[in-house]
Amino acid sequence: MPVSRPELSDSRVIAHVDMDCFYVQVEQRKQQSLRGQPTAVVQYNSWQGGGLIAVSYEARKFGVKRSMRGDEAKKVCPEIHLVQVPVARGKADLNSYRNAGSEVVTILSRRGRCERASIDEVYLDLTIAAEAMLVDNPPECLETISEEVVKSHVLGLEEDGSNAREKVGHWLTRSDASRRDKLLACGAFIVAELRLQVLEETEFTCSAGIAHNKMLAKLASGMNKPAQQTVVPFSSICKLLGMLPIKKMKQLGGKLGTSLQIDLGVKTVGDLLQFSEEKLQEYYGVNTGSWLWNTARGISGEEVKERLLPNSHGSGKTFPGPRALKTVPSVEKWLSELCEELSERLQFDLEQNKRIAHTLTLHAHAYKSNDIDSFKKFPSKSCPLRYGTSKIKEDALILFQAGLREYLGLYNFKISGNQNSGWGITGLSVSASKIIAIPSGTRSIMNYFHNQQETCPQVKLSSEKLIQDAPLLSPSENCIENGGHMTLQSIEPWISCSEEDEETKHSLPLDRQLDKEMCKEKLPDKETSICSSPDAEVYRGWEKDQTESNGDYLTEKIRDSLESEEGKRKLNKEKGMSTISRYFQSQNSGDLLKVEHASTSKLSESPSLSDHQSEPPQENSPARGESSVDARLCSHIKLKRPAWSYDIDEIDQDVLNELPKQIQEEVQAWLRPQKRPHTVKRDSGIARYFLPAKNK
Ligand code: TTP
């Protein structure tokens with residue numbers, strides 16, 4: 001759902017830069033002979049000449065469109081050069097395009113805050129640079145203006161005939177303009193300069209929109225392509241939105257836009273002006289209603305976020321028509337390819353950018369034949385991400401099976417097993433999100449992280465546990481690059497949204513989410529109750545020890561936060577905490593997870609767990625002889641506490657001397673090798689001597 005944000009200031013200068021026919025330009029740079037030629041990049045699949053994914057402007061003049069296949073494009077433009085997208089692992093390899101995008105981002109980020117919005121789009125906040133230019137070097141004082149600047153389009157200016165450039169030049173250098181228009185003019189100078197730098201350094205052309213917010217800048221960047229820029233002065237906003245078909249507005253291309261057309265009879269964004277905010281809220285809820293009201297007026301306070309790297313990594317492939325995957329082994333084979341690619345990119349990101357992804361998500365597109373329920377979507381599933389190709393593959397397969405089971409219904413899933421019983425997978429993707437940077441100067445943490453991955457068995461995903469419905473990601477967040485197979489648009493509808501407050505859930509460190517998931521999963525009733533109350537007790541106990549021994553007040557904070565929904569929200573608000581703190585938290589919670597998991601897995605191996613308790617079990621204690629899983633879990637987790645860590649000097653020798661000989665020896669043995677507390681036998685009841693009187 002769109003989020004309504006009031007305008008931060010009407011004096012911001014925001015640019016949206018969009019590369020022109022990007023994949024084609026990258027291929028033309030590789031093969032210079034293609035420059036200026038009608039060219040298109042086609043998908044890996046060569047059926048009917050392959051699907052076109054990028055078309056040069058020279059080819060567009062002939063009527064070649066992205067929706068065509070290569071054979072069709074050849075018919076309308078026989079001279080067209082069709083370049084196949086690079087291939088690796090039987091699918092498109094987008095690395096050269098990603099790297100080319102990064103080259104551009106590096107240049108654009110020189111003048112202001114830069115947000116990489118997709119493989120070939122960037123938002124820039126140039127307010128500070130524009131303000132500085134207005135003070136130091138105002139356009140009205142410039143003696144010459146570069147050709148690139150006067151080539152700008154200024155919405156609302158009559159651009160008729162030969163004097164268009166003159167008019168633009170005049171508008172950009174007016175001394176009587178309002179301050180906010182002067183700032184936009186400065187923005188036009190800066191963006192023109194940046195675009196020239198991009199061309200000189202990368203050989204790529206790009207187009208741009210310059211306005212006072214992201215929404216208007218994005219609308220403008222596509223208005224004059226290729227290699228041009230468009231400015232949106234305040235006076236032209238009304239006209240621009242008045243002409244803009246409702247479905248062309250970002251966020252209104254889908255159901256909401258359709259409803260506006262059908263239910264309110266709205267044709268253009270400007271048509272929304274006739275409705276009061278209350279009316280729109282009545283129809284679409286408070287938030288969306290306000291967003292629509294603001295949008296109709298060109299109001300958007302969305303900030304440009306500092307982000308030079310993608311928010312997520314994804315690898316996907318479609319299997320249209322007869323290529324649909326119909327058995328679990330065939331899905332497994334492709335998942336393996338996708339996971340290898342994903343893992344390579346994660347590793348690269350880790351090494352190059354010191355970033356760690358926390359969530360693995362599987363999306364699939366499926367069909368069921370002979371099923372009245374065929375509108376049902378394959379549910380997207382996610383889980384905490386474990387590094388290492390084999391772990392990612394293993395977890396992705398489990399996520400797939402969990403999704404398939406839900407999609408088919410348990411009964412059908414059981415009877416179909418690995419057989420084809422009328423289902424097919426037409427699209428598959430894995431993605432890694434919640435990517436967090438490890439702060440610089442934390443080399444040892446990197447080692448720690450690596451060690452964790454390699455030496456700890458970690459939590460092994462089971463299809464019964466730990467799997468979450470994937471949250472709905474916004475297109476820009478999701479940023480799954482399409483692999484020449486799946487477009488973002490086509491992925492988006494697959495993502496199922498769990499009904500829980502996802503934002504809150506995902507604000508928790510992932511291992512905590514995991515832990516809560518374990519508690520929520522469909523365990524037998526008895527075990528479910530373990531999680532709901534006594535386990536929470538154990539959890540607190542363990543964390544208290546951690547808090548005391550580490551002095552880690554953050555752990556304490558998380559515990560508090562977990563205790564209530566309110567707390568969770570509090571934690572959410574604290575997202576701004578330094579990344580390093582959060583990194584430490586997640587490492588700590590990772591430990592917790594290991595402890596708990598180890599405990600759970602040991603339950604069956606160790607029938608008399610109570611023997612290991614630091615305190616002697618009481619006669620009626622459920623931990624002694626009882627089969628209460630609950631109590632056994634408690635006792636096992638308590639085992640992990642740093643119990644009985646007395647210093648020998650703190651024990652009064654006289655007290656020891658009064659003890660029976662055998663017990664004295666035992667205590668000595670116990671205290672001496674303090675670093676090996678678990679090696680002592682503890683079944684003699686010695687602890688009774690140290691218990692408070694009432695327990696003796
Ligand atoms: P776009 O920016 O949508 O288009 P473009 O750069 O090719 O052309 P334009 O000048 O009109 O902006 O997409 C950027 C690249 O993403 C594009 O070159 C190829 C790739 N892409 C796909 O692979 N599949 C798709 O469905 C779309 C829309 C883009």
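Okay, let's start at a pair of valines: V154 sits across from V231, and that second one belongs to strand β11. Keep in mind that this is a predicted model.

Those two valines bring us to β9 and β11, residues 229-231, which run parallel to each other and share two bridges. Zooming out, they belong to an open sheet of six strands, and if you read across it you get β7-β8-β1-β10-β11-β9, with mixed pairing. The edge strands are β7 and β9, the latter being 153-154; each has a single partner strand, so one side of each has no neighbour in the sheet.

There's a helix on this sheet too. That's α4, residues 95-108, and it packs there by touching β1 (14-19), β7 and β8. Compare directions and α4 makes about 160° with β7.

Now, over to the β7 edge. β7 covers residues 113-118, and its neighbour β8 covers 121-125; the two are antiparallel, with five bridges. Together they make a hairpin, with two residues between the strands. If you want one pair to click on, take C114, whose bridge partner in β8 is L124.

So how many of the six residues of β7 are buried? Five of them, so the strand is largely enclosed by the rest of the structure. That's for a strand standing at an edge of the sheet.

Last stop, further along the chain: helix α15, residues 389-408. Its 20 residues reach 28 Å from first C-alpha to last, close to the 28 Å expected at 1.5 Å a residue. And right after α15 comes G409, with a positive phi of about 90°.

Notes:
Residues numbered from 1 in each chain as written. Predicted model: local features only at pLDDT ≥ 70, side-chain atom pairs only at ≥ 80, totals over all residues. Heavy atoms only, no water. Helix = DSSP H or I, 4+ residues; strand = E, 2+ residues; numbered from the N terminus. Expected span 1.5 Å × (residues − 1). Buried < 20%, exposed > 50% of the residue type's maximum accessible area, 1.4 Å probe, protein only. Pairing = 2+ DSSP bridges. Contact = heavy atoms within 4.5 Å. Axes fitted to C-alpha atoms, helices over the stretch in contact; angles between N-to-C directions.
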